[in-house]
Each structure stands twice: as C-alpha cells, then as structure tokens.
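Me: Could you take me through a close look at one part of this structure, the place where the ligand sits? I would like each term explained as it comes up.

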Amino acid sequence: MATNRTFTMIKPDAVEKNYIGGILDKINAAGFRIVAMKYTKLSKEEAGEFYAVHRERPFYGELVEYMSNGPIVAAILEKENAVADFRTLIGATNPAEAAEGTIRKMYAESISANAVHGSDSDENAEIEGNFYFSSLERF
Ligand code: ATP
Ligand code: MG
C-alpha cells in the first residue's frame, strides 16, 4: 500500500559542508511536507543495522564507517508518490551520473559520500522511519 511517505537522511559529508539548509530548500521547493526531523549521530552498530541489506556488498564496511563518522539529519517526508518523487529529486547514487538540478548533482562529492539517502520502497520507508522516530515524534 502506498503511504505517500518516504524517509531521508542528510549524510555526514553534506552536514559537514553546511549543505543542510540548501538541501532542505530543495526538499521544500519540491513540495514535501516534513512529518518528523532530528539532528543525530549513528553509532557504528546503528549504521550497520540501518544498512544491513548491504551486508554482503564489498563497500559495506566503508559505508558503515562513513555513516557513523559524523552527525546526520533524519526526516520523514510526505507528498503524493513520495518514494519515487524523492528518488527523482536526489538523482543517481553516483553523483557523476546524477541529472542536472538533482540534490546529488549539486551537493554530493562521490558514490560513497553522496549527500543524501532516500528510501527505495514504501515498505523500506516505513521500516527506516520507525528506526528513528516514535509515533509521538511525527506531526
Ligand atoms: P541510499 O540507500 O543511501 O539512498 P541508493 O539507494 O542510491 O543510496 P544503494 O544501492 O542503496 O544506493 O547503496 C547505499 C549506499 O551505499 C549508497 O548511497 C552509497 O553511499 C553506497 N554505495 C553504493 N554503491 C557503492 C559503491 N559501488 N561504492 C561505494 N559505496 C557505494
Ligand atoms: Mg538505497
């Protein structure tokens, strides 16, 4: 069932470079409503759990290291067709292949430090949102 919600993180590289404001501007301009948001930092264990689906991939260790390396902004976003529209807004995983005007084209430096996360399905949006937010933290 489509929930019209997706989950995002502004990743440590983008936070460190002061891109939070620029990225939130793009998210607002694209018509997403913020349901929940927090500034936090993942432990190595939490990053490992969040990206557990990539456990077998060669870049898993590097990914967990990088995602627990500095603070992030986590958020639940709402809009019609949220998951697909947000993936379009952020652009390809590798910023070198991301379309002009996308968040990754504008703010990402590499495939491993690619500025933002976006859920890839309604089911994962639900799981990922629940990883960070209780029902009392959603508005
Ligand atoms: P995300 O899940 O963070 O939104 P994505 O869905 O575009 O990204 P995934 O295939 O889910 O891409 O990969 C998760 C993350 O793992 C990527 O965002 C990237 O940071 C990292 N990653 C993916 N492929 C590579 C790779 N070949 N080398 C290094 N890191 C990679
Ligand atoms: Mg993904």
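Reply: A polar contact is a pair of N or O atoms within 3.5 Å; within protein, one of the two must be able to donate a hydrogen and the other to accept it, and residues adjacent in sequence count only if both atoms are side-chain atoms. The model is predicted, so local features need pLDDT of at least 70 and side-chain atom pairs count only at pLDDT 80 or more, while totals for chains, interfaces and linings use all residues. Residues are numbered from 1 along each chain as its sequence is written, ligands are numbered from 1 and chains lettered from A in the order in which they are written, and side-chain values use heavy atoms, with hydrogens and water left out.

With that in hand, an N or O atom in the side chain of Tyr 51 is 3.1 Å from an oxygen atom of ligand 1. Asn 114 has a polar side-chain atom 2.8 Å from an oxygen atom of ligand 1, and for His 117 the corresponding distance to an oxygen atom of ligand 1 is 3.0 Å. On its own, ligand 1 has 570 Å² of accessible area (from the Shrake-Rupley method with a 1.4 Å probe; for residues, only the protein chains shown count as cover), and the protein covers 83% of that area.

There are 14 residues around ligand 1 (a residue is near a molecule or strand if one of its heavy atoms lies within 4 Å of it), and those that come nearest are Lys 11, Arg 87, Thr 93, Asn 114 and Gly 118. Asn 114 is thus both in this nearest group and a partner in one of the contacts above.

Tyr 51 also belongs to a cluster, in which ring pairs link it with Phe 7, Phe 50, Phe 131, Tyr 132 and Phe 133; rings of Phe, Tyr and Trp (its six-membered ring) pair if their centres lie within 6.5 Å, and planes under 30 degrees apart count as stacked, over 60 as edge-to-face and the rest as tilted. By this rule the count comes to nine aromatic pairs. The pair of Tyr 132 and Phe 133 is tilted, because the ring centres are 6.2 Å apart and the planes are at 40°.
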